[in-house]
Amino acid sequence: MTSPYSLPCLKRVAICGGTHGNEMSGIFLVRHWIRNPSELQRDTFCATPFLGNPHAIEKSVRYIDRDLNRTFSAEFLNSKDSESYEVRRAWEVNQIFGPKSSSQAYDFMFDFHNTTSNMGTCLIVDSEESLLSMHMCNYIQKHYTRSSCPIYLYQLAEEETNSINSVAKAGLAFELGPQPHGVLRADHLAQMRSLTACALDFIDLFNKGMLFPAFEIDAHKAVQYVDFPRYPNGEISAVVHPKLQDKDFLPLKPGDPIFQTADGEDILYEGHDITYPAFINEAAYYEKKVAFVKTEKHTFSLPALQKKF
Ligand SMILES: [Zn+2]
């Protein structure tokens with residue numbers, strides 16, 4: 001038997017709510033934990049809660065000047081000065097929890113999101129190569145039994161990570177929905193809270209030296225963003241088809257309807273392969289010209305993991 005892959009134990013763990021200022025589950029939970037952090041305490045560490053984008057949270061908007069969760073790239077982190085509130089906030093977060101890619105960076109960062117899409121209790125990792133995060137996903141899928149937890153790997157080929165949790169050495173985002181932005185739903189709140197407890201338990205067991213065996217796991221890897229059909233002037237000319245709405249992570253076959261025009265005409269999926277769409281009709285993605293994201297479903301094999309002794 002090959003020896004397990006080993007990583008240092010996780011002492012400094014951060015939990016971010018409100019990276020997007022109108023995604024309410026994380027904002028509510030983090031505010032609660034700042035008042036009373038007892039739920040975040042484990043034998044081997046205590047997680048640190050913080051609010052990602054305080055100014056946007058005050059205004060209950062996604063962001064003030066630009067999307068904070070696309071601002072942690074070298075281009076923005078290394079810029080000298082900026083008019084943008086989010087670029088300046090990214091510097092602060094990087095200073096407190098990073099610097100990104102340095103030995104001083106936090107060991108792990110959770111990031112809490114909500115989506116208007118029917119993604120359920122979705123776990124978001126940058127790529128399948130993030131061994132620790134993938135082990136955490138596997139642990140959550142086995143121990144969190146209230147719902148299935150699909151895994152979404154967001155990083156496109158050749159793309160630099162620019163999310164807030166890329167500041168830490170490893171990270172995981174929870175993406176819970178459907179929930180309208182600016183709204184709290186008790187069901188998603190309870191799920192996010194239980195997911196967090198489960199994930200913190202995993203870190204505690206890891207820190208105590210538990211061996212996590214090798215495993216195989218299914219995950220959805222983002223491959224392409226699909227825009228709405230548009231008129232020549234840029235206005236949207238069709239809506240997400242009722243047969244596609246709410247079908248996140250279900251197979252979409254060539255010839256299936258994806259959009260419907262105002263005249264009732266169906267627009268069909270013309271790809272050659274089955275795809276598994278995610279973020280279908282996410283409100284915040286209209287401005288990004290994304291009606292849904294095509295993903296490929298893969299089974300990945302991950303090696304065993306244990307704390308470095
Ligand atoms: Zn978000």
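Biologist: What angles do the four donor atoms around the zinc ion subtend, and what does that make the arrangement?
Modeller: In this predicted model, the four donor atoms subtend angles of 57 to 151°, which makes the arrangement irregular. Four donors are tetrahedral if all angles lie between 85 and 135 degrees; four are square planar and six octahedral if opposite donors are over 155 degrees apart and all others between 65 and 115; anything else is irregular.

Biologist: Which residues coordinate the zinc ion?
Modeller: H20 and H113 each coordinate the zinc ion through ND1, and E23 is listed twice through OE, with distances of 2.0 to 2.4 Å. Donors are N, O and S atoms within 2.8 Å of the metal (3.2 Å for Na, K and Ca), and sites may look incomplete as water is not among the atoms.

Biologist: How are those donor residues spaced in sequence?
Modeller: Their spacing is H-x2-E-x89-H. H20 sits in the loop between β2 (13-17) and α1 (24-35), while H113 belongs to strand β4 (residues 108-114), so the pair ties together parts that are 93 residues apart in sequence.

Biologist: Are H20 and H113 buried or exposed?
Modeller: Both H20 and H113 are buried, where buried means under 20% relative accessible area, exposed over 50% and partly exposed in between (1.4 Å probe, protein chains only). Across the protein chain, buried residues make up 55% of the 309 residues.

Biologist: New topic: how many helices and strands are there?
Modeller: The protein chain has six helices and 13 strands; these are DSSP runs numbered from the N terminus, with helices (H or I) of at least four residues and strands (E) of at least two.

Biologist: And how many aromatic pairs does the structure hold?
Modeller: There are 14 aromatic pairs, counted when ring centres of Phe, Tyr or Trp (its six-membered ring) lie within 6.5 Å, with planes under 30 degrees apart stacked, over 60 edge-to-face and the rest tilted. In one of them, the ring centres of F110 and F174 are 6.0 Å apart and the planes are at 40°, so the pair is tilted. F110 lies in strand β4 and F174 in strand β7 (residues 171-177), so the pair ties together parts that are 64 residues apart in sequence.

Biologist: Which aromatic cluster includes F110 and F174?
Modeller: W33, F108, F110, F112 and F174 form one aromatic cluster. F110 is buried, with a relative accessible area of 0%, and F174 is likewise buried at 0%.

Biologist: Which conventions apply here?
Modeller: Residues are numbered from 1 along each chain as its sequence is written, and side-chain values use heavy atoms, with hydrogens and water left out. In this predicted model, local features need pLDDT of at least 70 and side-chain atom pairs count only at pLDDT 80 or more, whereas totals for chains, interfaces and linings use all residues.
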